[in-house]
Amino acid sequence: MDLIREAILFGSLLLFPAVLSQPAQVVYHITEENQDQTFVGNAFVDSQLRSKMRNANNLHFEFVSPTSQTSYFRIEGWSGAIHTSKVVDREVLCANDNCPVNLDVAVQLVTGASLDLVAIIRVQVFIDDINDNPPEFPSQSVALSILESTPVDTTFPIHAATDLDTAANNSLISYELQPPSGFGKFSMSVIKNWDGSTDIGIIVKEQLDRETTDYYQVKIIAKDGGSPSLTGTLSVNISVLDSNDHVPVFTKPFWNVTIWENVTMGTEILRLSTNDRDIGANGQVTYSFNSRSASRVGSIFSVESKTGAIRVIGPVDFESSSLHQLIIEATDNGVPSKSSKSAVIIDVLDVNDNPPDITFNLLAGGDHALVSEFAKPGSFVAHVSVSDKDIEADNKDISCWIQDALFSLKKLSNQEFKVLLQGKVDRETVAEYRVDVSCTDFGSPQLEATAPLRVVIKDENDHSPQFVKEAYSRTITENFPIGKTILAVSADDRDIGNNGRISYSFESNVRNLTIKPTTGVVMATGFLDREQTPVIRAKVLAHDNGSPQRTTTANLILTLEDINDEAPVFSRDDYRFKVSENLPKATRVGTVRAVDADLGKGGEIYYSVLQTSAKPGKFNISRSSGLITTNQEFDRESKSRYNLVVVATDKGNPSISTKVQVVVDITDQNDHFPVIDFPNELNNTVEILHSAEVDSFITRVQAYDLDDGKNSFLSYFIQSGNTNRLLKMDSRTGDLRVAQHIPSYLAGTYELVLGVRDGGKPMKSSWKSLTLVVSIDNTTALEVMADQQQSNVVIVVSVITATIVLSVAIIIGIIVVRKQDAKNHVYSAKAEERKIMRRNKGSFNSRSDQSNTSTTSSDSGRKDVSLTLTDDSQAPLNASTFTQVTSFSTFKGQMLSYISSIDQKTLECPQACSSWITTNTISPDMKQDTVGDKRAEINKLAYDPSKRYAEVSNDTLSDVSSETMVTSDSGRGGSEEDVHLKSIAPDSHKPRPAENGRTLSSFGNYHQRRSYHDPRQPSYGKFPPRPQSMYPYSPKKTNGCQRRKFREEYRCE
């Protein structure tokens, strides 16, 4: 609709731009409650549009948007006049004080059949209020309920009146109370709220009393401010509610009643009454015992809460109490409640209403007498005590008896008895007895009482457990599920309690079985293996828990059925067989054996070879016996071992198999000859020197044999060509060595045939030729000279030994003489010394003379040669070389050393030695035993040059420690055989090694023309060529040094 209106408006603007530039507005005022068709105004005229339009004809007027408000008005379409269409009630039409009705009038131009919008007139119609509504209360009357106990000045609010009129005076309301005094009990108040509304309230001005006046009615008049004024009336009905302000009052201060003790249950013995001025719940009274009375007599008497009737609800016993005092409370139902109390006294009259009272005194306690089934006749059962509560004397005489013949009653006093056993009892026959004890009094009427005595027979363990069956058997499969029930044994015991409570167990432990002690259920605790135990037999014990304990046995027999649960088991973890090579097909190799503990088909085994373990066709195996045979000939040299996997499978369902490793070793036959690699056709010549030492290595025969074991053990030999037996062959290693010294005249070429044989049977041999060339060594002369030099050394050592012996003899003689002179006091030690010096004059020189002699010898150009002494204690000493022996002289102090001197000679022969000079110093006061010690030291020095050198070099007190031993030749000058040694360093105490056991030792300083260093010192470099006379050729390693090149150098390792 808005779109249509806007479209019409847009078209009108195009036709009448001046008119539509601003919509016209018209305002009208009308009063409410006018009759319908009341003229409101002409919008077309009043909006001045008519004067603005040049052509007012052909115009049509209508409301643009009809609403609920526009329904109260209509407009003439041809003139634009607006009238009311019905009576306008402002209070209905408008929801607020300002009540404009907006009417938008569309002015349309009629052109033929179409309408074009020309203008919009906005019309506002204000409905003016008139005082046409009186004030109205929400209701014509209101009821108030006010407690009579309501405090003064308490206000009870009431909803105020409302006026639909909106004009200021029309809606102004005032209130007044009728009657104005409010009966002297009430007043009214008007309360203005913050939102402009008002509330009214009824105020209690004086204390109310319901018991005096319980109802009031007042009116509230509401007036508006209109003219004329309109009123509204509200009736307020006030009910005064009761408050519990009065206490219930009993009609009597106390109550008294008398009854017989045998009064019938439910009898009403008294009815109470009270008064309460209050009404309703406040006046309703409830009766009850107070707490003390309720605890004492609540089980005997009762009081009805509403009527106050007291009734007998329990036994009234004069003997217990002849007087009952009750306190009754009367309580109203007000809030809070109020109560009052009254006393009720009940007297009880006695009657003979009590029969004798029988009481059993049981020694064991409890509710029954306990008698052992082993008890004898006359045994005590129970004690009986009888009493009567009636007070009269006649009532106290009591007579008692028992009807059961098994028991008797013996009187102990007028009111005491005891029950005795008259016969034997058996619990398993009768477990319990009821013994009735009857007693009577002598009252009127006479009363009798009977009390039952329960006699329980105490069980004794007089019965053994009895199994239901003597033997329990079952057949089950082996490997029965663990924890599953196999069977259950059961036993009965006529006894009860612990005597009849049975426990089950095995007589001895049963493997993989258990039995539950309480139920007798037999279960498997482990795997049951038929192969180990096909039938399980066990003794089952059933024993009670009595004292003494009784036990019974039963047989348990379990038969195990076989299942195929056992795999075949080979007799060995693995098998090793041997078969010789080159044997024909079907040769027996060996037998594998397996067993299966299962029965039937599960225990039958067949054998097979796993095809993946060896190439098919090599071996066969018997399915039934496990015999392995060959299926071809074998060659050990091609393959010496075969690994088979043999499978043993049972015939069970499903079948079970086991594998085993079988190793077949192919043993060797001596079917191969030894093969000689060296010598061969290309390499068959060896050369040696004729001077080679005995046992010198020449060459080694290299051979092999494809066979195994003893068949491949090779031994070597010289078949031919070993003339004069100069050679020898090591049969184990094949080493060819020099057997003996080869003279030079046997030098030449030898054609040898060398053979190799194996250790087989029959033995097989092979041969090869070897050419041996024996060459002549051009160092023969040097070796002869070396031998002569060795002989000279032996002679020198012999001379030294003789000199030492002679010196010792002289010393001993001197000591003897000195001792003899000391006894005779003929001469002194100094005189003897001078005598000895004169005697040896010309034979010994002083130390300075010796030094000069050494210097002179050096100046004369003669060579100084040090002697090499052998360590071999077996070398003989030749004393023929000593040509001159000097006498000895003695000096004070210790004997320091001896020095030997030989005239310098060539060592080509023993005669080259010219002299040997020895100097010894001995303390003049040396005793006889010192001579013997020194002689021992001299002998040690003679045979141990290293010690001799060490003692000399370490002696710092000797006057001749620096003297030199000099050996000169015959004056022919130096030669290649002479050896010159450089003086040994002071810190070097070890002799330089030499070959063939010779040791180069020295005393003091050595002088030489040519410098020659110890080969063990790495800074000295290579050895110079050695003289043939002192170092004969030797291929052996001596003292860590060995000559690597013939006559050229030594190398120390």
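User: Between which strands does the loop holding Pro179 lie, and how should I read its peptide bond?

Analyst: Pro179 sits in the loop between β10 (173-178) and β11 (186-192), where strands are DSSP runs of E with at least two residues and helices are runs of H or I with at least four, numbered from the N terminus. The bond from Gln178 to Pro179 is cis, with omega near -10°. Another cis bond joins Phe678 to Pro679, with omega near -5°, and Pro679 is found in the loop between β50 (675-678) and β51 (685-689). This is a predicted model, in which local features need pLDDT of at least 70 and side-chain atom pairs count only at pLDDT 80 or more, while totals for chains, interfaces and linings use all residues. Residues are numbered from 1 along each chain as its sequence is written, and side-chain values use heavy atoms, leaving out hydrogens and water.

User: How many residues form the largest nonpolar core, and which element gives the most to it?

Analyst: In soluble globular proteins, nonpolar side chains tend to be buried together. A nonpolar core here joins buried Ala, Val, Leu, Ile, Met, Phe, Trp, Tyr and Cys residues through side-chain atoms within 4.5 Å, buried meaning under 20% relative accessible area, exposed over 50% and partly exposed in between (1.4 Å probe, protein chains only). The largest has 31 residues, with Leu59, Phe73 and Val107 among those with the most contacts inside it, and β7 gives the most, with six residues. A second, separate core of 28 residues includes Leu362 and Leu453.

User: Is Asn724 partly exposed or buried?

Analyst: Asn724, whose phi is positive at about 65° although it is not a glycine, is partly exposed, with a relative accessible area of 46%.
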